[in-house]
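Thanks for coming. I will walk through one structure this morning, going element by element. Please have the sequence and the model open.

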Amino acid sequence: MPDLTAAEVRALVDAVPHWHHVMRFPHGVVSPGAYDPRELFSHLDLPPDLRGKRVLDVGTRDGFFAFECERRGAEVVAVDYADMELTGFGAARRIYGSQVEYVQANVYDLDPDRLGAFDVVLFLGVLYHLRHPLLALDRLRPLCRSLLVVESLVCDARFFTGFETSEPLTLLAPRLADLPVAQFLPVGRFHSDATNKWVPNVAALRALLADALFAPGPAHTWGDRALVHARPVDDPVTRRWVTMDRGLQKRGS
Ligand SMILES: C[S@@+](CC[C@H](N)C(=O)[O-])C[C@H]1O[C@@H](n2cnc3c(N)ncnc32)[C@H](O)[C@@H]1O
């Protein structure tokens, strides 16, 4: 950890335009984030020793999860489509004296030839922001050697019925609870945050993972959020559809 004074740490933290993560720094300095990610980190259930492992944190924002994995010994690459200067990542990396690499990239453009493969891929709080969630999971599949952890907003407990009004999906349509469905949020119709797009129910989240060649474990849910651990698998029937969707259909295929 670099030898920064309290005033230097405070100045680095204050210079960040917006903090998403509450992060704890030396000299008792705490970032004014929108939420404290410590509880979510505990649900990731990662081994305390990640030495020798490669971790990819997609949608890293201020990097809380990336820095925690580095602290456990992992080699970490953090990806976000945001310019690092818009987030607290650069300030936190400087304060921690971290080696985590920040790659500004869109999840749709992630390339295993450039980044290599990872033992653990974290995909937390990103899926429901995407216009193409299944494409994103397809992009993550070749990067993932062993474990994908996905966390998302889900619509089971909060299905939007009007602007910022909602009802549990089971009240609206009890028979849909275990069927894979997702709510689409057109810009400005149901929600003030135009970055929220597709909100799956838990069954759809697990089904999306299976369609992208991951074996999903059981979901851990709380409020309107769900977390799923998934393992990469190879199934020729599913792979055939993944491949055909991106290519051309030939005679006899
Ligand atoms: C709600 S924040 C989640 C931050 C962190 N992973 C967490 O769980 O606390 C979503 C992050 O995903 C990033 N993001 C959204 N769409 C993206 C995309 N298409 N490619 C890469 N990053 C994206 C945003 O910039 C933002 O930092």
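I will start at Gly73, the residue that follows helix 3, where phi is positive, near 105 degrees. Bear in mind throughout that this is a predicted model.

Helix 3 itself spans residues 64–71, and 7 of its 8 residues are buried, so to speak of it as mostly covered is fair. The buried ones are Phe64, Phe65, Ala66, Phe67, Glu68, Cys69 and Glu70. Note that the list includes Glu68 and Glu70. What do these buried residues pack against? Two helices, helix 2 (38–44) and helix 4 (89–96), and three strands: strand 1 (54–58), strand 2 (75–80) and strand 4 (118–124).

Helix 4 brings me to the helix pairs. In general, two packed helices are described by the angle between their axes and the distance between those axes.

Take helix 1, residues 6–14, with helix 4: their axes come within 9 Å and cross at roughly 165 degrees. That makes helix 1 roughly antiparallel to helix 4, because the angle is over 145 degrees. The crossing of helix 1 and helix 4 is left-handed. On the helix 1 side, Val9, Leu12 and Val13 make the contact, and on the helix 4 side they meet Ala91, Arg94 and Ile95. By class, this contact of helix 1 with helix 4 has 5 nonpolar residues, no polar ones and 1 charged.

The second pair is helix 6, residues 133–140, and helix 8, residues 202–211. Here too the axes come within 9 Å, but the crossing angle is roughly 45 degrees. Helix 6 and helix 8 are therefore oblique to each other, and their crossing is right-handed. Which residues meet? Pro133, Leu134 and Leu137 from helix 6 meet Leu208, Leu209 and Asp211 from helix 8. The residues of this contact divide into 5 nonpolar, no polar and 1 charged.

Staying with helix 8, its buried residues are Val202, Ala204, Leu205, Arg206, Leu208 and Leu209. They pack against helix 6 and a set of strands: strand 5 (144–153), strand 8 (182–184), strand 9 (198–200), strand 10 (214–222) and strand 11 (225–232). After helix 8 comes Leu213, with a positive phi near 70 degrees.

Leu213 also appears in the surroundings of a proline, Pro232, which is found in strand 11. Leaving aside residues up to four places away in sequence, Pro232 touches Arg141, Cys144, Leu213 and Phe214. Is Pro232 buried or partly exposed? It has 19 other C-beta atoms within 10 Å, so Pro232 is partly exposed; buried would need 20 or more. As for distance, the C-alpha atoms of Pro232 and Met84 are 30 Å apart, with their positions 148 residues apart in sequence.

Another proline, Pro112, is in helix 5, residues 112–115. Pro112 has 14 C-beta neighbours inside 10 Å, and therefore counts as partly exposed. With the same exclusion along the sequence, Pro112 touches Ala117, Pro142 and Leu143. Pro112 and Cys144 are 32 residues apart along the chain, with their C-alpha atoms separated by 9.2 Å.

Last, the ligand. There are 15 residues around it, and Gly59, Arg61, Tyr81, Leu124 and Gly125 come nearest. By class, the shell around the ligand has 7 nonpolar, 6 polar and 2 charged residues.

Methods. Residues numbered from 1 in each chain as written. Predicted model: local features only at pLDDT ≥ 70, side-chain atom pairs only at ≥ 80, totals over all residues. Near = placed C-beta within 6 Å. Nonpolar A, V, L, I, M, F, W, Y, C, P; charged D, E, K, R; others polar. Axes fitted to C-alpha atoms, helices over the stretch in contact; angles between N-to-C directions. Helix = DSSP H or I, 4+ residues; strand = E, 2+ residues; numbered from the N terminus. Parallel < 35°, antiparallel > 145°, perpendicular 65-115°, else oblique. Left-handed = near helix turned anticlockwise from the far one by under 90°. Contact = placed C-beta atoms within 7 Å. Buried ≥ 20, exposed ≤ 12 C-beta atoms within 10 Å, placed from the backbone.
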